[in-house]
Amino acid sequence: MSILSPRDKRNKTRNRYISSSPPPPSGRSSRSRLAPADATAQAALLPPQNVGIFRPASTRTDFRKFGAWICILGCAALLCGSLGLGLYKTYHFCTASDYFKISRIDIHGLNQLKPEEILTVSGLKEGDNCLSVRIAEMEAKLLQNPWIEAVSIRRELPNAFVINVQERVPQFWVLRNGTLHYLDQNGLLIAPVQSEKFRSLPTLDIGPGGEDAIPHLGAFMTQLKAKGFPFDLAQISWLRISAGKGFELYWENKHLSLSIGIENWQENLKRLAMVIDDMEKRKEINKTREIYAADGQVWLHKA
């Protein structure tokens, strides 16, 4: 057993209360460090102050705002319902009123078709209510007719309709599956040739390699009409397209074959028109059986 002096006992007692942790930062009280360890646990066990029927003023304000929004939404729904009901009754009244009964239907642009065909396909008739007609559906039905390329229908309140039809113009005949069909100037099938819609037209024939020139057919026919040839297209009995002779036409009245090379066909057509015009002036056209324009030159084959 060690014997300590009274001074050593005081120093030992003092050292028992010196902490090994660093001193607290300046400005902080050391009391927090000396607080009991279970103070935080005791605070957590205390009941919250806002539990029960006692609520803060902010919660009651939120309930008031929520109720106000419910009232606003209810009023808006009631207003929309009233407007919808009013519009429905107005529409029902207009569609049942004699004031909007169709009394006039104007149809323009017909050549192959008849007005009765347009009315039958569209379903439009006098006495129907003008507001109950669905224009988009009528136009879709009419566009199913192979003769119609474009159509527009205009409603003229209170009781009239105007129908503008753009028909496809037949330019050729072509034999498909043993049946003669009409073709437009772009080489697209229109409809079978019928007696009530009969037109005398040249026959179109696609020879070897001629398929590549079909996209140029529409522009070729347009230029052919514009170049001032001394013949009408009704005098052309057939048109053949092939890689060898390009666009080949037979001028029936003159028993003359005209050929235009596919490459640079615009320039070849221009030269051919100049040669034919010159031969007409010199009265030599009847002595020629074939004219061929290609590669910037024109060849003649006389009888």
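Trp-69 lies in helix H3, which spans residues 57-95. The model is a predicted one. Trp-69 counts as exposed, because its relative accessibility is 56% and exposed means over 50%. Together with Ile-72 and Leu-73, Trp-69 makes a nonpolar surface patch of about 360 Å².

The protein chain holds seven helices and 12 strands. Of its 303 residues, 27% count as buried. The protein chain exposes about 20800 Å², and carbon and sulfur atoms supply 56% of that area. Among contacts with a separation of 6 or more, 50% link residues 24 or more positions apart.

The largest nonpolar core has 30 residues. Phe-220 and Phe-247 have the most contacts inside this core. Seven elements are listed as giving two or more residues to the core: strand S4 (172-176), helix H6 (217-226), strand S8 (236-242), strand S9 (246-251), strand S10 (256-260), helix H7 (265-281) and strand S11 (288-294). H7 gives the most, with six residues. Phe-220 is in contact with Phe-247, Leu-249, Ile-260, Trp-265 and Leu-269, leaving aside neighbours within four places in sequence. A second, separate core has 23 residues. Leu-113, Ile-118, Val-133 and Ile-135 are included in this second core.

Ile-135 is also one of the buried residues of helix H5 (residues 135-143), where Met-138 and Leu-142 are buried as well. These residues sit on the same side of H5, because they cover an arc of only 65 degrees around the axis. The buried residues of H5 pack against three elements: helix H4 (115-122), strand S2 (148-156) and strand S3 (160-167).

Gln-166 is found in strand S3. At 43% relative accessibility, Gln-166 counts as partly exposed. Its contacts, leaving aside neighbours within four places in sequence, are with Trp-147, Ile-148, Glu-149 and Ala-150. The C-alpha atoms of Gln-166 and Val-151 are separated by 6.0 Å. Along the chain, Gln-166 and Val-151 are 15 residues apart.

Side chains of opposite charge can pair when their charged atoms come close. With a cut-off of 4 Å between side-chain nitrogen and carboxyl oxygen, the count comes to 14 salt bridges. Asp-128 and Lys-125 form one of them, at 3.5 Å from N to O. Asp-128 counts as partly exposed, because its relative accessibility is 22% and buried means under 20%. Lys-125 is also partly exposed, at 48% relative accessibility.

A salt bridge within helix H7 joins Lys-281 and Asp-277. The N to O distance is 3.4 Å. The two residues are four residues apart, about one turn of the helix. Lys-281 counts as exposed, with a relative accessibility of 63%. Asp-277 counts as partly exposed, at 40%. Another salt bridge pairs Glu-284 with Arg-282, and the closest N and O atoms are 3.5 Å apart. Arg-282 counts as partly exposed, at 47% relative accessibility. Arg-104, Asp-106, Arg-154 and Glu-156 are joined into one network by salt bridges that share partners.

Technical notes: Residues are numbered from 1 along each chain as its sequence is written. This is a predicted model: local features need pLDDT of at least 70, side-chain atom pairs count only at pLDDT 80 or more; totals for chains, interfaces and linings use all residues. Side-chain values use heavy atoms; hydrogens and water are left out. Patches are made of residues with over 30% relative accessible area and no salt bridge: like charges are joined within 9 Å, nonpolar side chains (Val, Leu, Ile, Met, Phe, Trp, Tyr) within 5 Å. Accessible areas come from the Shrake-Rupley method with a 1.4 Å probe; for residues, only the protein chains shown count as cover. Buried means under 20% relative accessible area, exposed over 50%, partly exposed in between (1.4 Å probe, protein chains only). The arc is that of the directions from the helix axis to the C-beta atoms. Contact means heavy atoms within 4.5 Å. A nonpolar core is a set of buried Ala, Val, Leu, Ile, Met, Phe, Trp, Tyr and Cys residues joined through side-chain atoms within 4.5 Å.
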